[in-house]
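The following exercises concern a single protein structure. Please attempt each task before reading its solution.

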Amino acid sequence: MADLQQTPTSLCCCRKALPVSGVSGAPGGRCVGDSGRPLGGPGGRRCPLVDVASTSNFSCFRLNHLHLDLRLNFAVKEMSGWLVLDLVPVQPGVQSLVLDSHPSLLIHSIDCKVPGSGQEDPMSLTYRVDPFTDYGSALNISLPEAAVGPGRLIQVTVRYTTTDGPAIWWLDSELTCGQSRPLVFTQGHSVCNRSFFPCFDTPAVKSTYTATVRVPDGVTVLMSASRSLYSKQDRVFQFSMEHPVPSYLVALVAGELQHVDVGPRSRVWAEPCLLSCAVQKLGGSVERWLGVAEELFGPYLWGRCDIVFLPPSFPIVAMENPCLTFIIASILESSEFLLIDVIHEIAHGWFGNAVTNATWEEMWLSEGLATYAQRRITTEAYGEAFTCLETAVRLDALHRQLRLLGDNNPVSKLQVKFEPGVNPSTLMNLFTYEKGFCFVSYLSQLSGDVRRFDSFLRDYISEFKFKSVVAQDLIDFFLRCFPELRDTAVTQREGLEFDRWLNGSGPPPYEPDLSGGGALTRPVQDLCELWRTGDAPDLQAVMTFDLSTWSTFQIVLFLDRMLDHSPLAHDVMLSLSGCYSSLFDGLNAEVQIRWLQMVVRNTFYPELPRVRAFLQKHTSRMYTVPLYEDLVAGVMKCVAVEIFYQTQRRLHPNLRRTLQQILFQTNQNGALPTNQNGNGPTLSVINSTPSSQPSNANGTSGAIALRDVNVSA
């Protein structure tokens, strides 16, 4: 789920410009394989696994376990302690251990032990820190030759202190919901946890972990762990994750947190002032959703399914940390969006957490499958029409982004090959989710029956649980389970070739039939047609549509499609305001932000006070950045600057820097951003919006959110 110039703000995505040269336009390219299993098999030759986002030599070792022992110091905003790695070399002649690290980590000392060697005292190790990319560095540790051999366990201990790295978010008390105590949380996706602890920061490597965390009195600590203990006398929390997870899923939050059990295996955590609202919104739904998911995809593997609601400074909408989903409190305003986002994170319990993409170039293996699973759950729980409506909103956004980027843009590929130095967070976009969803839907259609495909997914989880996979693993397993399709060369069907799906740019070659949602989407389309005539429509005809009875997703679809037709005539905006403005005022922020984007994009001054009021109330990235981008893109930049100065003290420093970049076209050093040749403004390939058509970067309206995009400083 990091901070960028012209990025899909509705994606709450990394706002760091994606270099055009960082994405390979050629199909195919470097091949990878699951480092944990033999290479080869159907689909051609595979090369050893390469993760260009990691500088570590992870393929030289098997990581059995990691342990963290940390003390949290809120006064100086530091975590200090040590990390212990249980490692087994798997290759002869290994002379060094290279871990992903970050310049913000202060390394104090490194030593190692060889259990069973008879030597009690640890051996001090020499090390150096080498530059890698702007999102990390390489911690190169020399290993004693006599102690290292294939199959021989070594324990490496790194003593360190964190400072202001991108994974760790310290919130002063005034930035929390209760404004009484400070709070800290970590956000590791996708490559930020190397600033939390030195590690093999790649999804290809999984291990169990334990942690000991020491905190001041009155602070509660939670982690993405299956078990926890607390010693009140010592103010020490202990955690254990019994299943192997990749480094990015090690997560921590600490602050004034309380909980209420909402099911036999789930509880809601939040600051005291938020807790009752969160519990009321979720009720017993979590257990119901888990039950539906288990019927579809097999047993839930993680034991606990807790949820913690975090203040508006949380940089994304939600994050699927195993056993403990992180979710932004701002989403509580919209029950339908809350439902979708929580179910999506539950789906990650199977797709993403249990079975993980081995490299960030194939993020769709987690996000596309989780989106498909989410929609299977909502179909079973709420019916086909609801799911088709939500899917229509998202696919509209996908095609909106394609119109902005063009069909040949390489970021629209499912498998985006990127070069060393490119931050994987910049590749989080709607294609990862929605084009991935369409490919999985196509596989389901090929299977001939959705229930048969459910069974396939259960077998897929059983086969690969707690492993990391590449796309070829999924395809090989699919063809093995459906030999009749393999025998008819289904991968080579003209126009629907699997290689085109994975390596071709442009729209999905296939989209699922959404006619099952017609009862909900047809009224939206009919109302849009009334307003798109160019003149103010007949109000009697308009009033036959009672939006007060519509769902949030219906109103969102209506406003998104009207935004697509902006700018509108002043008389049309005047009529829209008269018909709907007071209604929208009483609805949730997902509706309000879209209406206010229409106000800004159409320079409709009578509604400007509502824009001011909204930005003075909301301090989360998902609701501020889209409006500020639209204000700056039009003629209302002075209004945006004025509001920013009035509210900046209530904004997290990272968000404040983002808005300064938007408002004043400066980078984080205060200089005007330049392109790669150093001679002009930075342009992100994620967004090339004409100035005549202001858009929040990915072309989507409002805050349609990719739930798992990291935000770094």
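A residue counts as buried when its relative accessible area is under 20%. The structure shown is a predicted model.

**Exercise 1. A covered strand**

Task: Determine how many of the eight residues of strand β8 are buried, and establish which way β2 and β4 pair with β8.

Solution.
Step 1. Strand β8 spans residues 154-161. Six of its eight residues are buried, and the strand is therefore described as mostly covered.
Step 2. Strand β2, residues 78-89, pairs with β8 in the antiparallel sense, over eight bridges. In this pairing, Val-84 stands opposite Thr-157 of β8.
Step 3. Strand β4, residues 106-113, also pairs with β8 in the antiparallel sense, here over seven bridges. Lys-113 stands opposite Gln-155 of β8.

**Exercise 2. An open sheet**

Task: State in what order the three strands of the open sheet are arranged, and identify which strands lie at its edges.

Solution.
Step 1. The order is β3-β7-β6, and the pairing is antiparallel.
Step 2. The edge strands are β3 (96-101) and β6 (127-133), since each of them pairs on one side only.
Step 3. On average, neighbouring strands of this sheet are turned by 25° against each other, with direction ignored.
Step 4. Between β3 and β7 (residues 136-142) there are six bridges. One bridge can be followed at residue level: Ser-101 has Ser-137 in β7 as its partner.

**Exercise 3. One serine in a helix**

Task: Decide whether Ser-441 is buried or exposed, and find which residues it touches.

Solution.
Step 1. Ser-441 belongs to helix α6, which covers residues 430-447.
Step 2. The relative accessible area of Ser-441 is 7%. The cut-off for a buried residue is under 20%, so Ser-441 is buried.
Step 3. Leaving aside residues up to four places away in sequence, Ser-441 touches Tyr-372, Tyr-510 and Pro-512.
Step 4. Sequence separation and spatial distance can also be set side by side: Ser-441 and Gly-368 are 73 residues apart in sequence, and their C-alpha atoms are 9.4 Å apart.

**Exercise 4. Two helix crossings**

Task: Describe how α6 crosses α7 and how α7 crosses α8.

Solution.
Step 1. Two packed helices are described by the angle and the distance between their axes.
Step 2. The axes of α6 and α7 come within 8 Å and cross at roughly 115°. The crossing is right-handed.
Step 3. In this contact, Val-440, Leu-443, Ser-444 and Ser-447 of α6 meet Val-450, Arg-452 and Phe-453 of α7. By class, these residues are four nonpolar, two polar and one charged.
Step 4. The axes of α7 (residues 450-464) and α8 (residues 471-481) come within 11 Å and cross at roughly 125°. That angle makes α7 oblique to α8. This crossing is right-handed.
Step 5. Among the residues making the contact are Phe-453, Phe-456 and Tyr-460 of α7, and Leu-474, Phe-477 and Phe-478 of α8. The whole contact has eight nonpolar, no polar and four charged residues.

**Exercise 5. The buried side of a helix**

Task: List which residues of helix α18 are buried, and name which helices they pack against.

Solution.
Step 1. Helix α18 covers residues 637-647, and its buried residues are Val-639, Ala-640, Val-641, Ile-643, Phe-644 and Thr-647.
Step 2. In an α-helix, residues three or four places apart point the same way, because there are 3.6 residues a turn.
Step 3. The buried residues of α18 pack against α16 (608-617), α17 (621-633) and α19 (653-664).

Key. Residues are numbered from 1 along each chain as its sequence is written. This is a predicted model: local features need pLDDT of at least 70, side-chain atom pairs count only at pLDDT 80 or more; totals for chains, interfaces and linings use all residues. Side-chain values use heavy atoms; hydrogens and water are left out. Axes are lines fitted to C-alpha atoms, for helices over the stretch in contact, and angles run from 0 to 180 degrees between N-to-C directions. Helices (H or I, at least four residues) and strands (E, at least two) are DSSP runs, numbered from the N terminus. Angles under 35 degrees count as roughly parallel, over 145 as roughly antiparallel, 65 to 115 as roughly perpendicular and the rest as oblique. A crossing is left-handed if the near helix is turned anticlockwise from the far one by less than a right angle, and right-handed if clockwise. Contact means heavy atoms within 4.5 Å. Ala, Val, Leu, Ile, Met, Phe, Trp, Tyr, Cys and Pro count as nonpolar, Asp, Glu, Lys and Arg as charged, and the others, Gly among them, as polar. Buried means under 20% relative accessible area, exposed over 50%, partly exposed in between (1.4 Å probe, protein chains only). Two strands pair if DSSP finds at least two bridges between them.
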